[in-house]
Structures are given as structure tokens and as C-alpha cells.
Amino acid sequence: MTSGKPSKPNVSHPHGENGHQLFNEMDKNEQYRRGVKMLQERCKAIQKNNERIVHRLHLVKKLTKKRNREVEMLKNRLDRHNDGWRTAPQPVAVKLEESKASE
């Protein structure tokens, strides 16, 4: 009883009944896209924070160098005036003696 045409095999639709499988795949793809987007946003936030920290480190390094230069300049100036600052007692020792006397 064949008409000469090849018969179609009895195979179910690849997307399942009522498209549930297609919906599940679309849902998984959407979840994946959301996850990727969230990771990208988090990476951008971390990168921005890292850039702020690097900027702050450069600023602190610059300030430290400036302070060290100023300290050296002050030492040289005091030495030129024969101030004798190198042999002067340290203020920390004086403060310790003052705090003991007040007790």
C-alpha cells in the first residue's frame, strides 16, 4: 500500500509536547545571560575599586617622597645653622618622664 514515497519515521517533535523543552532551553539561556551580565558588572565594580586603590597608592607614595625630601631639607638646614638638634634629647623620653611625675 505504499505510494512510492518514503514514509516518515514516527519521531516525536524535538521540542517536546507543547514546546516545554524549548521553553526550558530558553529559560536556561536567559539564566546564563543574567549570570554572565551579573559577573561582568561585578568585574567592572572590582576593577573600578582596584583603580581607586592604585590611584591612592600612587598619591601616598608621592606624599611620602615629598615628606622625606622635606625632612632631609630641614635636617640640612638645621645642620647649617649649627643647631645641635642631633644631640638634643628625644621628646618621647621627656613625655614619659612627665607622665610618671603626674602619677
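Glu-72 and Lys-75 form a salt bridge, with 3.7 Å between the closest N and O atoms; the term means a side-chain nitrogen of Lys or Arg within 4 Å of a carboxyl oxygen of Asp or Glu. The structure is a predicted model, in which local features need pLDDT of at least 70 and side-chain atom pairs count only at pLDDT 80 or more, while totals for chains, interfaces and linings use all residues. Residues are numbered from 1 along each chain as its sequence is written, and side-chain values use heavy atoms, with hydrogens and water left out.

Both Glu-72 and Lys-75 lie in helix H1, 3 residues apart, which is about one turn of the helix. Helices (H or I, at least four residues) and strands (E, at least two) are DSSP runs, numbered from the N terminus. The chain has 2 helices and 0 strands.

**Salt bridges**

The structure holds 3 salt bridges. Side chains of opposite charge can pair when their charged atoms come close. The pairs and their N to O distances are as follows.

| Pair | N to O distance |
|---|---|
| Glu-72 and Lys-75 | 3.7 Å |
| Glu-30 and Arg-34 | 3.5 Å |
| Arg-86 and Asp-79 | 2.9 Å |

Glu-30 and Arg-34 are 4 residues apart in helix H1 (residues 20-80), so about one helical turn separates them.

Accessibility is graded by relative accessible area: buried is under 20%, exposed is over 50%, and partly exposed is in between (1.4 Å probe, protein chains only). In the first row of the table, Glu-72 is partly exposed at 42%, and Lys-75 is partly exposed at 28%. Glu-30 is partly exposed at 32%, whereas its partner Arg-34 is exposed at 52%. Arg-86 is exposed at 55%, and Asp-79 is partly exposed at 33%.

**Positive patch**

Lys-61, Lys-62, Lys-65, Lys-66 and Arg-69 form a positive surface patch. Patches are made of residues with over 30% relative accessible area and no salt bridge, like charges being joined within 9 Å and nonpolar side chains (Val, Leu, Ile, Met, Phe, Trp, Tyr) within 5 Å. Lys and Arg count as positive, and Asp and Glu as negative; His and the chain ends are not counted. Each charge is placed at NZ of Lys, CZ of Arg, CG of Asp or CD of Glu. Within the patch, Lys-61 lies in helix H1 and is exposed, with a relative accessible area of 52%.

**Loop and totals**

Asn-82 sits in the loop between H1 and helix H2 (91-102). Asn-82 has a positive phi of about 50° although it is not a glycine. Most residues other than glycine have a negative phi. Asn-82 is exposed, at 69% relative accessibility.

Buried residues make up 0% of the 103 residues in the chain. The accessible surface of the chain comes to about 10,800 Å², and 56% of this belongs to carbon and sulfur atoms. Accessible areas come from the Shrake-Rupley method with a 1.4 Å probe; for residues, only the protein chains shown count as cover.
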